[in-house]
Structure formats: C-alpha cells, structure tokens
Amino acid sequence: MKRGVGVGVIGYGTIGAGVVRLLRQRVKAHGDRLGFPVRLARVADLDTSSDRGIKLPTGVLIDDARALIDDPSVNVVVELVGGVEPARTFILEALRAGKHVVTANKALLSEHGVALSREAEKRGLLLGFEASVGGGIPIVRTIKESLAGDTNEEVYGILNGTANYILSAMSEGEGEFEEVLARAQAMGLAEADPSYDVDGIDSVHKLVILVGLAFGKKIKARSVHVEGIRSVSSKEIAYAREFGYRVKLLAVARDTPAGVEARVHPSMVPESHLLAQVSGAYNAVCIKGRALGNSVYYGQGAGMMPTATAVLGDILEAARSLRDERPPSSEPWGQPLARLSSARVIPMGDTAHEHYLRLTVVDKPGALARISSILADEGIGIATLSQHEIETRGAVPVVLRTYRSAESAMKRALARVGRLRDNRAKPVLLRVEEGLGGRE
Ligand code: HSE
C-alpha cells in the first residue's frame, strides 16, 4: 500500500471530536513515526451542523455512515456511535468490506465481542477496542500483550468515572447521592441519563471485556451480579471511615475452578489499598497474576482527549498492519478465538464475603441478642459491633462487621432480621473487600 492510511470516524460526538482533533493535530508526527501517512479521510454523523470547534475541509463531514464505509479512501473505520445497533451493523459491514475497525463500544463488545472478532479474525483484520475499558488507561493491550505470559487470577477495579466522582464527592461531604448527581449533571460530568453509570451496568460491560482478555473466558453480562450506588448514603461513607474503609463501586472478577466470580457493587475498600485513594472521575484496574503478583493501572477513565489517545493507539496499530501488508500483531482477545472458552459465572449467593451491616433497631433489652442469635444460627460470626446514638423515637443504628460468610446465609439472616419487631428500617448491607489481590 503506497497511499497511506485513510481514517473514517463514525460518530462525531465528544470522543469522535477528540479523535478528529488528535488525528489532525498530530498528522505529521504520526506520519513521521510510521514512515507512512495517516490522515483523516471522512467523518460521518447524522448531525452535520453542530459546531464542534473544529474546521474540517468541505466534504469530509457527511451524514451517511454507509457511504463512509464504502469510501475507497477509508481503510480504517472508527465506530464511536455507542449502543448495539446500528453500531454492530456498521462494524460488520466495515469488516466485510476489508477495513480495519476501531471501537470504544463496551456495551456492544460485552454482548457481541466474540461474534465481531470472528469476522475480524477470519479476514486478518484489526478489531481494536483499547478505548472500551478505562478510557485513556492502556489496559487492553497491556493484558493481551504484556501480561500474555502469565496466568491472571484476579482482575478488579474502579471502572466507572461518574460513579467514582459521585462517591468521592459524597465522601467529601458534598451531599447525598441525588444532590451530588444533579450537580455533576449541571457541570456536564454526568450524563443526562446516568443509569448505565450509577446502576453499575457500564462497569459490568467493562468487566465482561476484562474477563475475556485476562482469563480467556466468555461470560454473559446478564450473569454478573450488579448493584449500583443509588442507595449508598453518606452515613455508610461515614461509618466506613470509622472502620478504616472507603466506599467504592467495584467491579471484581476471579478465575476459580468452580467458575468465574464476577460482580459489580458498592464495596468497602481498606484505606491501605491503592483503590481507596482513587478519587474523582479516575479509574484504576488491578490485576493479580500468578507470576507477576499484583499490579495496578491508574488514569483518566473517561473524557474526550484521554479516550481519544486510546483510539489513536489502535488506529496506529491498524496503520502499521496496512503499511507492512500483514495482519495485526495480535488477535482481538490476545489469542485465537477458538481458545476462548465459555465460563459459568458463580451465582452471587455462592460467594463469600466479610459484610458490613447497618441495622436500625429498637433500643430495648434483648433486641441485639435476638439479632445476634439469628446471625449465629446462619453461621455468621460478628467481628465488630457498635451501637450509636439514638436516632428517632427509640431506634438506634447498630453497625456491625462480620467475618467471612456465605452471601446466601447473609441474605437469609437479613430476611429474618427484617421480620423482627425490633427492626425499624431496611438493613443496609455492603461487602467488605479484605481479600482483594489475594489478601484473605
Ligand atoms: N461513562 C463512563 C464513565 C465513561 O463514567 O466512566 C465511558 O466509559
């Protein structure tokens, strides 16, 4: 190939504009680095009139993604539309037209990543998705290439910047969930529809991708236990601090002989763990490898320019492959698809954790005894317990931490506690993550 590489970007939103900006700003640097020109050929978006603060030559911005895919001057198609359709069809059409594809679409990849990779693999094309997890953190290539020689046992972290921003602000005393969310939306830090971010769904999509890369296992997003942060109150954050913990929305996966443990929920993280220090919209991914031990990858998990750098890394990989007229240097998941296996996700009830519980209990003799006898009956040991000042009409908050116990036993215990007359409010349950990185 003599002409150089033409890049077509479908989706001219925030990330699309970042990619266009970076491609144009660094066109000479990219060309010099590769010894081969890489230029923006086309941008497609239904909205061709909004001002993105970028002046494109006439004819570059079009409203027809199919025309971009069919354009012979486009060799690399960047899909930044998001969602499942029409993004899935665009990617399939681009691959079938023999074009390398780069995407940031974690919702699509978590559901159809393997099917799309099959098309790419069959044709020796790139399906690059560095930007799908951790925004600007180069975690995808790190796992599939740099850590390929090891056996990864755990992958976990803070995968959603919006949720982490909200929990961090609550932890700084800036208010309860709803007020902090409303302020974040007003400042453009949270989406108008924040549900994927605050309900943990975005983290599930990213965790499914990490499990595929790190363990070589295909799991279904709908099998992953998910709880978001809407019910986290500043009380939990304050009690967590009292016990030496921070509340974080964690995504956790472990490869075990019984299947993959994969879950997303608010957790209490020990202050001594690096994840406890990750605040604001930042992300961090931790990996425990059998040979490497623990490693942590930290950075900006979202945003225009950080995410654009991840997209550019993939574009340049596609450009190298076009320059040298060879397939990309590694498969989409770091190994041939035939080697990926489907794995069972261990039901949440079969996992075990240390638990934090906040109960609101009537302040009468025997109330605590009845509660602790239920816990004992379910085989749950209490590690620490504190009763706090009277809250309302004779009810007191009782905050306790348990030893490691089965989730199913805790759920049964909570149902029984909920039926006691001593119980005055819905118990609050959080998992305490003392076992991260193999520390039990
Ligand atoms: N909405 C995501 C977040 C960024 O808040 O982290 C894109 O993955």
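Hi everyone, let's start with Y298, which sits in strand β13, residues 293-300; strands here are DSSP runs of E, at least two residues long, numbered from the N terminus. A word on the source: this is a predicted model, where local features need pLDDT of at least 70, side-chain atom pairs count only at pLDDT 80 or more, and totals for chains, interfaces and linings use all residues. Residues are numbered from 1 along each chain as its sequence is written, and side-chain values use heavy atoms, leaving out hydrogens and water.

Back to Y298. Is Y298 buried or exposed? Y298 counts as partly exposed because its relative accessibility is 48%; buried means under 20% relative accessible area, exposed over 50%, and partly exposed lies in between, with a 1.4 Å probe and protein chains only.

Now the neighbouring strands. β13 pairs with β12 in the antiparallel sense over 8 bridges, and pairing requires that DSSP finds at least two bridges between two strands. The two form a hairpin with 3 residues between them, and N283 stands opposite G299 in β13. Strand β12, residues 282-289, is mostly covered, with 7 of its 8 residues buried. β12 also runs antiparallel to strand β7, residues 152-158, and 6 bridges join them. There, E154 has K288 in β12 as its bridge partner.

Elsewhere, there is an open sheet of 6 strands with parallel pairing, in the order β3-β2-β1-β4-β5-β6. β3 (61-62) and β6 (127-128) are at the edges with a single partner strand each, so one side of each has no neighbour in the sheet. Within that sheet, V7 stands opposite L40 in β2. Thanks for listening!

Key:
Helices (H or I, at least four residues) and strands (E, at least two) are DSSP runs, numbered from the N terminus.
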